[in-house]
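Biologist: I have some labels to query. Walk me through the reasoning behind each one.

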Amino acid sequence: MQNKMYGLIGLAMKAGKIKAGEFSVEKSIKQGKARVVLVAGDASENTIKKFENSCFHYKIPFFRVGTKEELGKIIGKEMRSSLSIEDEGFGERIIGFMNGGNADVRGE
């Protein structure tokens, strides 16, 4: 299941629907473009807390996923501690995976 989610994140990156890195993700959240925010489990406590608070304030789903190395590898870059998904469809699918693996968000 995690591999499917990672594949979906990679596809979103190729489609240009992902922002990566603290500054870009923070900007995405504040501009209201972020649909889901993913933060690496091994990110610093300050980073985790910052995005947790921002996402709570702007009502954006927030998840801790994998490691910095894994997040970077998924999107074809070096280590990244945070990602923002800016597409509604990709965001809903990722939320589905994170909420117990039910990726069918259309209600079918």
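Biologist: Why is Lys-50 called partly exposed?

Modeller: This is a predicted model, so the values are computed from it. Lys-50 has a relative accessible area of 30%. Buried means under 20%, and exposed means over 50%. The value for Lys-50 lies in between, so Lys-50 is partly exposed.

Biologist: What makes the contact of Glu-22 and Lys-50 a salt bridge?

Modeller: The distance between their side chains, N to O, is 2.9 Å. The cut-off is 4 Å, from a Lys or Arg nitrogen to an Asp or Glu carboxyl oxygen. The pair is within 4 Å, so the name applies. The two residues lie in distant parts of the chain: Glu-22 in helix H2, Lys-50 in helix H3, 28 residues apart.

Biologist: And Glu-22 itself: why is Glu-22 called partly exposed?

Modeller: Its relative accessible area is 31%. Partly exposed runs between 20% and 50%, so Glu-22 qualifies.

Biologist: How do you know that Lys-30 and Glu-26 form a salt bridge?

Modeller: Their side chains meet at 3.3 Å, N to O. That is within 4 Å, so the pair counts. Both residues lie in helix H2, four residues apart, about one turn of the helix. Glu-26 has a relative accessible area of 22%. Buried needs under 20%, so Glu-26 is partly exposed.

Biologist: What makes Arg-35 and Glu-88 a salt bridge?

Modeller: The N to O distance is 3.0 Å, within 4 Å, so the pair meets the definition. This pair links distant parts of the chain. Arg-35 sits in the loop between H2 and strand E2, Glu-88 in helix H5, 53 residues apart. Relative accessibility is 33% for Arg-35. Glu-88 comes out at 43%. Exposed needs over 50%, so both are partly exposed.

Biologist: Which residues do shared partners join into one network?

Modeller: Glu-22, Glu-26, Lys-30 and Lys-50. In total, the structure holds four salt bridges.

Biologist: Why is E2 said to pair with E4?

Modeller: Four bridges join them, and pairing needs at least two, so E2 and E4 pair. They run antiparallel. Val-39 stands opposite Ser-82 in E4.

Biologist: What makes E1 a partner of E4?

Modeller: Three bridges join E1 to E4, against a minimum of two, so they pair. These strands run antiparallel. Ala-20 stands opposite Leu-83 in E4.

Biologist: How do you know that both faces of E4 are covered?

Modeller: In a regular strand, side chains alternate between the two faces of the sheet. Ser-82 and Ser-84 on one side of E4 are buried, as are Leu-83 and Ile-85 on the other.

Definitions and conventions:
Residues are numbered from 1 along each chain as its sequence is written. This is a predicted model: local features need pLDDT of at least 70, side-chain atom pairs count only at pLDDT 80 or more; totals for chains, interfaces and linings use all residues. Side-chain values use heavy atoms; hydrogens and water are left out. Buried means under 20% relative accessible area, exposed over 50%, partly exposed in between (1.4 Å probe, protein chains only).
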